[in-house]
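User: I would like to go through this structure in a series of short questions. Please give the reasoning first and close each answer on the value or name requested.

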Amino acid sequence: ARGTRRHGSCGVGFNETIERNLRPEFRLDVAMLRAPARVRERLEAIRIAYLPERLATLGLEPESRARELLQSPQLPAAFLEACTRFLQRVEVVSDAQALGSFEHVVFEGAQGLLLDEDHPWFPHVTRSKTGLKNVVSLMREAGLLNLKAVYATRWYMTRHGAGPFPSEVAVKPSAAIVDRTNLPNPWQGSLRFGLLDVEGLRGAIGTDLGHAKDLEVEAVLALTCLDQMGGTAEFLVEGASRLAVNPFSAADQLAERSGLETAFTAWGPTRSDVRTHTRECGAKAS
């Protein structure tokens with residue numbers, strides 16, 4: 001609906017969910033899912049009270065098909081069915097303190113560091129803390145003190161949707177690049193490509209690590225999609241200079257210029273394609 005003024009939505013309502021959850025009378029959370037009758041009441045309140053208000057705020061008028069769907073009893077029924085399937089796959093719903101009972105806890109980041117909601121590129125960002133901010137908060141609550149942070153990057157950069165992209169290039173950095181998941185769509189258009197900005201990467205990671213100053217943190221890199229490099233490619237270094245790399249030197253070049261060890265390299269889409277990597281012994285199967 002914004003046309004040329006769109007700022008990068010993926011069209012699935014993540015921002016709208018966070019915005020609505022700021023209102024306690026319309027909030028939904030995982031703990032509530034165990035009371036289906038309460039969830040149904042909340043869905044009706046959202047449909048009857050919140051939705052018209054939000055549409056008016058945005059200046060939007062749903063198309064006829066959307067209006068029919070919003071009034072259909074199938075919509076809350078489908079949501080409740082999805083909640084049931086979700087709970088069947090969740091072993092326990094608990095607070096963060098329970099994390100302290102496990103030997104190892106894995107936190108998965110949100111999206112890229114440059115899409116953090118507090119990044120200066122607002123509004124071309126996501127509606128979440130994408131790096132360590134939430135992880136550190138949960139760790140403190142759980143009494144966890146040691147963290148290994150693995151910062152993953154392709155050997156090139158991408159951006160889906162509108163927004164700044166200083167290292168963007170007009171064509172893909174390699175003809176071998178294939179992305180079957182980020183296909184063109186009406187919200188974000190086509191995937192955009194750029195050269196990997198090594199100094200920018202180092203700066204973003206340094207800023208993110210600043211949120212974990214009171215923890216013992218080991219930070220390493222994971223360099224992915226090396227099977228898509230083909231022959232020689234380029235990194236962006238020292239502002240605008242270009243550094244030629246090949247798949248077998250890229251990990252060492254990235255480590256040398258970023259100041260972080262490249263601990264993992266990925267040469268395909270599966271776990272078996274991931275290798276551990278050190279400067280002394282090169283890459284080996286993990």
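User: Is Glu-238 buried or exposed?
Analyst: The model is a predicted one. Glu-238 is found in the loop between E6 and strand E7 (241-245). Exposed means a relative accessible area over 50%, and Glu-238 has 59%, so the residue is classed as exposed.

User: What is the phi of Glu-238 near?
Analyst: Most residues other than glycine have a negative phi. Glu-238 is a residue other than glycine, yet its phi is positive, near 50°.

User: Which residue in the loop between E5 and strand E6 (233-237) has a positive phi although it is not a glycine?
Analyst: The phi in question is about 65°. The residue counts as buried, because its relative accessibility is 17% and the cut-off is under 20%. The residue in this loop with the positive phi is Cys-225.

User: Which two residues does a cis peptide bond join?
Analyst: Most peptide bonds are trans. Here omega is about 10°, which is described as cis. The proline of the pair is found in the loop between H4 and H5. The two residues joined are Phe-122 and Pro-123.

User: What is the distance between the closest N and O atoms of Glu-117 and Arg-127?
Analyst: A salt bridge requires a side-chain nitrogen of Lys or Arg within 4 Å of a carboxyl oxygen of Asp or Glu. Glu-117 and Arg-127 form such a bridge, with their closest N and O atoms separated by 3.8 Å.

User: Where do Glu-117 and Arg-127 lie, and how many residues apart are they?
Analyst: Both Glu-117 and Arg-127 belong to the loop between helix H4 (74-88) and helix H5 (133-142). Arg-127 is partly exposed, because its relative accessible area is 22%. The separation of the pair along the chain is ten residues.

User: Which residues are linked with Glu-117 and Arg-127 in a network of salt bridges?
Analyst: The search of the whole structure finds 17 salt bridges. Besides Glu-117 and Arg-127, the network takes in Glu-19, Asp-116, Asp-118, Lys-129 and Lys-133.

User: Which residue meets Arg-154 in a salt bridge?
Analyst: The N to O distance is 3.2 Å. Arg-154 is in strand E1 (residues 146-154), and its partner, 25 residues apart, is in the loop between strand E3 (168-169) and strand E4 (192-197). Arg-154 is partly exposed at 22% relative accessible area, whereas the partner is buried at 16%. That partner is Asp-179.

User: In the salt bridge of Arg-192 and Glu-168, which residue counts as buried?
Analyst: The side chains of Arg-192 and Glu-168 meet at 2.8 Å, N to O. The pair links strand E4, with Arg-192, to strand E3, with Glu-168, across 24 residues. Glu-168 is partly exposed, with a relative accessible area of 37%. At 19% relative accessibility, the residue that counts as buried is Arg-192.

User: Why is E8 described as largely enclosed by the rest of the structure?
Analyst: Strand E8 spans residues 262-266. The strand is largely enclosed because the number of its five residues that are buried is four.

User: Which residue stands opposite Thr-262 in E8?
Analyst: Strand E5 (residues 216-224) and E8 pair in the parallel sense over three bridges. Leaving aside neighbours within four places in sequence, the contacts of Thr-262 include Leu-223, Leu-254, Ala-255 and His-277. The residue opposite Thr-262 is Leu-221.

User: The side chain of Thr-262 reaches the backbone oxygen of which residue?
Analyst: Thr-262 is buried, because its relative accessible area is 2%. Its side chain reaches the backbone oxygen at 3.0 Å. The residue that carries this oxygen is Ala-251.

User: What percentage of the contacts in the chain with a separation of 6 or more comes from residues 24 or more positions apart?
Analyst: The chain has seven helices and ten strands, and its C-alpha atoms fill a box of roughly 60 × 50 × 35 Å along the principal axes. Of its 286 residues, 33% count as buried. Among contacts with a separation of 6 or more, the share from residues 24 or more positions apart is 60%.

User: What percentage of the exposed area of the chain do carbon and sulfur atoms supply?
Analyst: The chain exposes about 17600 Å². The share that carbon and sulfur atoms supply is 54%.

Note on methods:
Residues numbered from 1 in each chain as written. Predicted model: local features only at pLDDT ≥ 70, side-chain atom pairs only at ≥ 80, totals over all residues. Heavy atoms only, no water. Helix = DSSP H or I, 4+ residues; strand = E, 2+ residues; numbered from the N terminus. Buried < 20%, exposed > 50% of the residue type's maximum accessible area, 1.4 Å probe, protein only. Polar contact = N/O pair within 3.5 Å; in protein donor to acceptor, adjacent residues only side chain to side chain. Contact = heavy atoms within 4.5 Å. Pairing = 2+ DSSP bridges. Areas by Shrake-Rupley, 256 points an atom, 1.4 Å probe, with all protein chains shown as cover.
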